[in-house]
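Please open the structure in your viewer and keep the sequence beside it, since this tour moves from one selection to the next.

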Amino acid sequence: MAPNLSPDTEAFLLSLASMLPVATCHISICKALGSMRSVFWMFISFAFIGAALSIYFTTSHRAYHSSEFITLASSYVLFSLIYMEAFSMLCRGFSLSILVLLKQKPGLNIDEIIKHYGGVGADALITKRLQSLHKIGLIKETENSIMFNNWAGVIVSRTSLCYKLIMKTGKGG
Amino acid sequence: MSLVIISFIIFVFLHWIIANFTNRKGIKHLVSTAIIIGFFPYYLGDKSYSEFEFFSVYLMLIMFYLHLHIGIERSVSIRVLNEITISPDNKITRQNLERSYPINQMFRHRIQLMTKNNWLIEQDGKFYVSGKSNLLVLVTNFSRKLYGLENTW
């Protein structure tokens, strides 16, 4: 690190630079153990690199102030959130998948895009989301209907409905 | 840290005003509001802490908020949960879910939006990726291969 950088600047830049080891760690775990739990591996990478970063920062040669640690922690969380958003788009980016499809098969009309989406068609999208909600325990499915499994699902749904109402976002989705 | 909290509260309040009283509801308006609101309180207030300290905490809060906002507004899963909530007895059949939340309509809306923003080019009802989309697709394909991601839909 250049000697003329202020400790706050150094903390900020260290957090930014730490996203490279986070990505390397995340990719390595996904390659070694499979990408089925890629989101979980992402959080493991954040925790691992975050711990290493804070140890490095607190044991570095100079004394540090709490304000520098606040800068380090908040900028690390900030860049982690940006990484998380980008990774989430890669995993489940709806618009991104449409672009990839149209690059592979240019000249499709809307009905054909819906039919060929993800190689499985648009109907599979809702099935996959229902399976994910079921897997994390928010909903349960019987033969005829879909319902909440516990209060967590009810709270998430009601809170988001309130937010949509206050911010007038419409029905969303 | 009180200045950061005040800035964040002003931002959320302004977002509410923009969402309720204007037709500018896009993410870019949200981001530009956040940037403007962040600058004013810092430069008008006291300088007891550094710019990096202020902006890293402020931007972290804004990022949390954007995650929450985009998650609630765009998430298919959240919309499914909402449809269950507004159904009688908090139960919905698959057929009723498809009726109240037609996926085809969502696709049409998204494709129209992407065409409007020049991510797609429409010619005689057929769609093609635009120049700026080409690079994005290239990066996406490379990254998906790098992470070994499958079933990305």
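**A charge over two rings**

Begin by selecting Arg37(A) together with Trp41(A), where the arginine lies over the face of the tryptophan ring, at 5.9 Å from the ring centre. Keep Arg37(A) selected and add Phe40(A), because the arginine counts as sitting over a ring when its CZ is within 6 Å of the ring centre and within 35 degrees of the ring normal; here Arg37(A) lies over the face of Phe40(A), at 4.6 Å from the ring centre. Bear in mind throughout that this is a predicted model.

**Where the two chains meet**

Now colour chain A and chain B separately and look at the contact, which takes 80 residues from chain A and 71 residues from chain B. The area buried between the two chains is about 7,200 Å², and carbon and sulfur atoms give 69% of that area.

How many salt bridges does the rule find across the interface of chain B and chain A? The rule finds one, and to look at a salt bridge you can select Asp111(A) and Arg108(B), whose side chains meet at 2.8 Å, N to O. Polar contacts can be sought as well, for the count between chain B and chain A is 25 residue pairs, both residues being at pLDDT 80 or more. On the side of chain B that touches chain A, several elements each supply at least two residues, among them α1 (2-21), α4 (76-85) and α7 (131-147) of chain B. Select α3(B) next, since this helix gives the most to that side of chain B, with 14 residues.

**Aromatic rings**

A pair of aromatic rings is described by the distance of the centres and the angle of the planes. Over all chains the count comes to 16 aromatic pairs. Select Tyr117(A) and Phe107(B), whose ring centres are 4.9 Å apart and whose planes stand at 85°, so the pair is edge-to-face. Tyr117(A) lies in the loop between α6 (110-116) and α7 (123-135) of chain A, while Phe107(B) lies in helix α6 (residues 103-116) of chain B, so the pair joins two chains. Are these two residues, Tyr117(A) and Phe107(B), buried or exposed? Both Tyr117(A) and Phe107(B) are buried.

Move on to Trp16(B) and Phe21(B), an edge-to-face aromatic pair with 5.6 Å from centre to centre and 85° between the planes. Trp16(B) is partly exposed, with a relative accessible area of 32%, whereas Phe21(B) is exposed, with a relative accessible area of 62%.

For the last stop, select Tyr163(A), Phe8(B), Phe11(B) and Tyr65(B), which form one aromatic cluster.

Key. Residues are numbered from 1 along each chain as its sequence is written. Chains are lettered from A and ligands numbered from 1 in the order in which they are written. This is a predicted model: local features need pLDDT of at least 70, side-chain atom pairs count only at pLDDT 80 or more; totals for chains, interfaces and linings use all residues. Side-chain values use heavy atoms; hydrogens and water are left out. Rings of Phe, Tyr and Trp (its six-membered ring) pair if their centres lie within 6.5 Å; planes under 30 degrees apart count as stacked, over 60 as edge-to-face and the rest as tilted. Helices (H or I, at least four residues) and strands (E, at least two) are DSSP runs, numbered from the N terminus. Buried means under 20% relative accessible area, exposed over 50%, partly exposed in between (1.4 Å probe, protein chains only). Contact means heavy atoms within 4.5 Å. Buried area is the accessible area (1.4 Å probe) that two parts lose on being put together, summed over both. A salt bridge is a side-chain nitrogen of Lys or Arg within 4 Å of a carboxyl oxygen of Asp or Glu. A polar contact is a pair of N or O atoms within 3.5 Å; within protein, one must be able to donate a hydrogen and the other to accept it, and residues adjacent in sequence count only if both atoms are side-chain atoms.
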